[in-house]
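The following exercises ask the reader to work from the overall form of a protein to individual residues. Please examine the sequence and the structure before attempting them.

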Amino acid sequence: MTVVIATQLRPDRLPYLEQMHASLTRQTSPWEAVLVLDGAPPENVPAQIAADPRIRVLALPRPVGAACARNLGLNLVNTEFVNWADDDDIFPDWSLGVRLAAFTDRLGWVAGYSEDWLPDGTTRVWECPTPPGFHAAGDVVTYWPLPQDTIPIGPTTILARTRLVRAAGGMGGLVQGEDYMAAVGVTNLAPGVLLPLPVYKYRKHDGQMTQGEQYDELELAARQHAHAYGHALRNAFVAARAA
């Protein structure tokens, strides 16, 4: 399996990236990673990460934004499974292994809960609106009734078959909320399982790139686009099966 991480190698986030890498080294299943540098110079990659043969570095010549960077990183994925990740978060030690073990030939994805990782070091489990257990293709997006509602599943908690991630368009092309597109796309294309245990730690801190000063300006519009995409895709499959 491959973990795709986009980063701008901002100095304040480099210690977080090192911790993300350290969490990967503790995983119980073999893994690879693609580290996409969103306009950042490759010589700024921390030495222990640059020296890890499991990590391929893709240095983009200019900043393109998280969605595009991740999509270009997807080009380098050769494994059957892929997981998106941010450069300031970490995986619990069992994360990749427990989800990989849950796969059957019938399933296209396996996800779990995420934990908010607070500045004081404590964690708080975020249980997404989608209930645990098996979900048929198209089921997950029904737990997202309105764009402004809580998203139905944690995008970075999803380990998915790479062919499905590509078929879903990867991360779309939004300047924010691109991971909403990824989540509803993949879960519309194949059945999957949501495990009732945390598989991803989402770091809450002042330097979060997803919630900067301009976050609120486009968040609703991004949600509306991803919500419409998810429900339209589901409706198209429902209509096709009924024909």
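Five exercises follow, each with a worked solution, and they concern a predicted model.

**Exercise 1. Overall form**

Determine whether the radius of gyration agrees with that of a compact globule, and describe the extent and burial of the chain.

Solution.
- Step 1. The secondary structure of the protein comprises 7 helices and 9 strands.
- Step 2. For 243 residues, a compact globule would have a radius of gyration near 18 Å; the value for the protein is 17 Å, so the two agree.
- Step 3. Along the principal axes, the C-alpha atoms occupy a box of roughly 55 × 40 × 35 Å.
- Step 4. Buried residues make up 53% of the 243.
- Step 5. Among contacts with a separation of 6 or more, 77% join residues 24 or more positions apart.
- Step 6. The exposed surface amounts to about 10800 Å², and 55% of it comes from carbon and sulfur atoms.

**Exercise 2. Charges and salt bridges**

Establish how many salt bridges the structure contains, and analyse the pair formed by Asp88 and Arg13.

Solution.
- Step 1. The protein carries 19 positive and 26 negative charges, whose mean positions lie 7 Å apart.
- Step 2. Side chains of opposite charge can pair when their charged atoms come close.
- Step 3. Over the whole structure, 11 salt bridges are found.
- Step 4. In the salt bridge between Asp88 and Arg13, the closest N and O atoms are 3.3 Å apart.
- Step 5. Asp88 belongs to the loop between strand S4 (81-86) and helix H4 (95-101), and Arg13 to the loop between strand S1 (2-7) and helix H1 (14-25); the pair therefore ties together parts that are 75 residues apart in sequence.
- Step 6. Both Asp88 and Arg13 are buried.

A further pair may be treated in the same manner. Which parts of the chain are tied together by Arg56 and Glu32?

- Step 7. Arg56 and Glu32 form a salt bridge with an N to O distance of 3.2 Å.
- Step 8. Arg56 lies in strand S3 (residues 55-59) and Glu32 in strand S2 (residues 32-37), so the pair ties together parts that are 24 residues apart in sequence.
- Step 9. Arg56 is partly exposed, at a relative accessible area of 26%, and Glu32 is partly exposed at 30%.

Finally, compare the accessibility of the partners Arg54 and Asp52, and identify the network that includes Asp87.

- Step 10. Arg54 and Asp52 form a salt bridge, with their closest N and O atoms 3.0 Å apart.
- Step 11. Arg54 is partly exposed, with a relative accessible area of 35%, whereas Asp52 counts as buried because its relative accessibility is 6%, under the 20% cut-off.
- Step 12. Arg13, Asp87 and Asp88 are joined into one network by salt bridges that share partners.

**Exercise 3. Packing of two helices**

Identify the buried residues of helix H3 and the elements against which they pack, and then describe the surroundings of Thr187.

Solution.
- Step 1. Helix H3 spans residues 66-74, and its buried residues include Ala67, Ala69, Arg70, Asn71, Gly73 and Leu74.
- Step 2. The buried residues of H3 pack against S1, S2, S3, S4, helix H5 (162-167) and helix H6 (178-189).
- Step 3. Thr187 is located in helix H6 and counts as buried, at 0% relative accessibility.
- Step 4. Beyond its neighbours within four places in sequence, Thr187 contacts Trp109, Ala136, Ala137, Gly138, Val140 and Ile158.

**Exercise 4. Backbone and contacts around S1**

Determine the sign of phi at Leu9, and then list the contacts of Ala6.

Solution.
- Step 1. Most residues other than glycine have a negative phi.
- Step 2. Leu9 is not glycine, yet its phi is positive, near 55°.
- Step 3. Leu9 occupies the loop between S1 and H1 and is buried, at 6% relative accessibility.
- Step 4. Ala6 is placed in strand S1 and counts as buried, at 12% relative accessibility.
- Step 5. Ala6 and Val34 are 28 residues apart along the chain, with a C-alpha separation of 8.3 Å.
- Step 6. Outside its neighbours within four places in sequence, Ala6 contacts Val36, Ala69, Arg70, Ala85 and Asp87.

**Exercise 5. The surroundings of Thr162**

Decide whether Thr162 is buried or exposed, and name the residues it touches.

Solution.
- Step 1. Thr162 is part of helix H5.
- Step 2. Its relative accessible area is 3%, so Thr162 is buried.
- Step 3. Thr162 touches Leu74, Val77, Thr79, Glu80, Phe81 and Val82, with residues up to four places away in sequence not counted.
- Step 4. Thr162 and Trp94, 68 residues apart in sequence, have C-alpha atoms 21 Å apart.

How values were computed:
Residues are numbered from 1 along each chain as its sequence is written. This is a predicted model: local features need pLDDT of at least 70, side-chain atom pairs count only at pLDDT 80 or more; totals for chains, interfaces and linings use all residues. Side-chain values use heavy atoms; hydrogens and water are left out. Helices (H or I, at least four residues) and strands (E, at least two) are DSSP runs, numbered from the N terminus. The radius of gyration is taken over C-alpha atoms; the globule rule is 2.2 Å times the number of residues to the power 0.38. Buried means under 20% relative accessible area, exposed over 50%, partly exposed in between (1.4 Å probe, protein chains only). Contact means heavy atoms within 4.5 Å. Accessible areas come from the Shrake-Rupley method with a 1.4 Å probe; for residues, only the protein chains shown count as cover. Lys and Arg count as positive and Asp and Glu as negative; His and the chain ends are not counted. The place of a charge is taken as NZ of Lys, CZ of Arg, CG of Asp or CD of Glu. A salt bridge is a side-chain nitrogen of Lys or Arg within 4 Å of a carboxyl oxygen of Asp or Glu.
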